[in-house]
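Trainee: I'd like to learn how to read a structure like this one. Could you take me through some features?
Mentor: Sure, let's have it on screen.

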Amino acid sequence: MQEVKIKQIDEKKISQYIIKYTMEDWMNIVDSDVVIVGAGPSGMTAGYYLAKAGKRVVVFERRLSFGGGIGGGAMNFHKVVIESPADEILKEIEVRMTEVESGVFIVDTAEFMAKLGAAAVDAGVKILHGVTVDDVIFREDPLRVAGVAVEWTSTQMSGLHVDPLFVSAKAVLDATGHDAEIISVASRKLPELNVQIPGEKSAYSEIAEELVVVNSGKVAEGLYSSGMATAEVRGLPRMGPIFGAMLLSGRKVAEDILRDIR
């Protein structure tokens, strides 16, 4: 076996490098073009297309992983369904698919998560794990959402009272899934936004996919929804382990945000 000579570095330098480059990232993050909350399929897809268009995008994910509901598959089975035309997006990021009938594909969950995440990062998206968004910033004249308040997830889990940091943005995308957490907070604390949340309906996959895509977009000035957050906000049916709408809604809302912030 060949001898391996490992570069020696002391503990102080390890800490210094991590702190220095983390702070450099945060100095850029606090003034972003778009904040996306939730590193699930719709959020990462939106980030991918926004970053490809040259926008400064940060994704805050409260867990220490990305992929949202992809990883759980269907009852922990490691496959999900994708239907056309969402396969165009997966072909673009080189995810392998098995066509089981015309326009219907089976995808491996791990590959789906890994390649979507890598595509977003390669496009320029900054994904930060372990960060919870617990409020929005707003402005008046005109009334609009202008950013978010963030806190470490671990701090919130500990129950400590610690004030957040603020991140400004031209657009905030709620991609938090079934609970539409960011829009829920905004609707409760800013009733003047006139945002009502009827809650998602039970499953009706055949119509839910198209309805989620069509209804993803602006909820209030500066505030957008995608994926299952859209179902919650618009009172749409859920659809289960089929993910075409998640990808297509992310692409659609990215197009809406690009048009609006230009």
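Trainee: Let me start with Tyr 48: does it count as buried or exposed?
Mentor: Buried means under 20% relative accessible area, exposed means over 50%, and partly exposed is in between (1.4 Å probe, protein chains only). Tyr 48 has 8% relative accessibility, so it counts as buried. Before we go on, this is a predicted model: local features need pLDDT of at least 70, side-chain atom pairs count only at pLDDT 80 or more, and totals for chains, interfaces and linings use all residues. Residues are numbered from 1 along each chain as its sequence is written, and side-chain values use heavy atoms, with hydrogens and water left out.

Trainee: How are the rings of Tyr 48 and Tyr 49 arranged, and which aromatic pairs should I look at?
Mentor: Rings of Phe, Tyr and Trp (its six-membered ring) pair if their centres lie within 6.5 Å; planes under 30 degrees apart are stacked, over 60 edge-to-face, and the rest tilted. The structure holds four such pairs. In one of them, the ring centres of Trp 26 and Phe 60 are 6.2 Å apart with planes at 20 degrees, so that pair is stacked. Trp 26 sits in helix H1 (residues 11-29) and Phe 60 in strand E2 (residues 57-61), so to speak linking distant parts of the chain, 34 residues apart. Helices here are DSSP runs (H or I, at least four residues), as are strands (E, at least two), numbered from the N terminus. Phe 60 is buried at 1% relative accessibility. As for Tyr 48 and Tyr 49, their centres are 4.8 Å apart and their planes at 70 degrees, so they are edge-to-face.

Trainee: Which residues do ring pairs link into a cluster?
Mentor: Trp 26, Phe 60 and Trp 152.

Trainee: Now the core. Which residues have the most contacts inside the largest one?
Mentor: In soluble globular proteins, nonpolar side chains tend to be buried together. A nonpolar core is a set of buried Ala, Val, Leu, Ile, Met, Phe, Trp, Tyr and Cys residues joined through side-chain atoms within 4.5 Å. The largest here has 50 residues, and Ile 36, Ile 82, Phe 112 and Ile 257 have the most contacts inside it. Helix H9 (residues 244-261) gives the largest share, nine residues. Apart from that core lies another, of 28 residues, among them Trp 26, Phe 60, Val 136 and Val 150.

Trainee: And how many salt bridges does the structure hold?
Mentor: A salt bridge is a side-chain nitrogen of Lys or Arg within 4 Å of a carboxyl oxygen of Asp or Glu, and the structure holds 18. Take Asp 87 and Lys 91, whose closest N and O atoms are 3.2 Å apart. They are four residues apart in helix H3 (residues 87-92), so about one helical turn separates them. Asp 87 is buried at 6%, whereas Lys 91 is exposed at 52%.

Trainee: Which parts does the bridge between Lys 189 and Asp 135 tie together?
Mentor: The two side chains meet at 2.7 Å, N to O. Lys 189 is in helix H6 (residues 181-189) and Asp 135 in strand E7 (residues 131-139), so the pair ties together parts 54 residues apart in sequence.

Trainee: Which residues do shared partners join into one network?
Mentor: Lys 218, Glu 221, Lys 252, Asp 256, Arg 259 and Asp 260. Within that network, Lys 218 and Glu 221 have their closest N and O atoms 3.2 Å apart.
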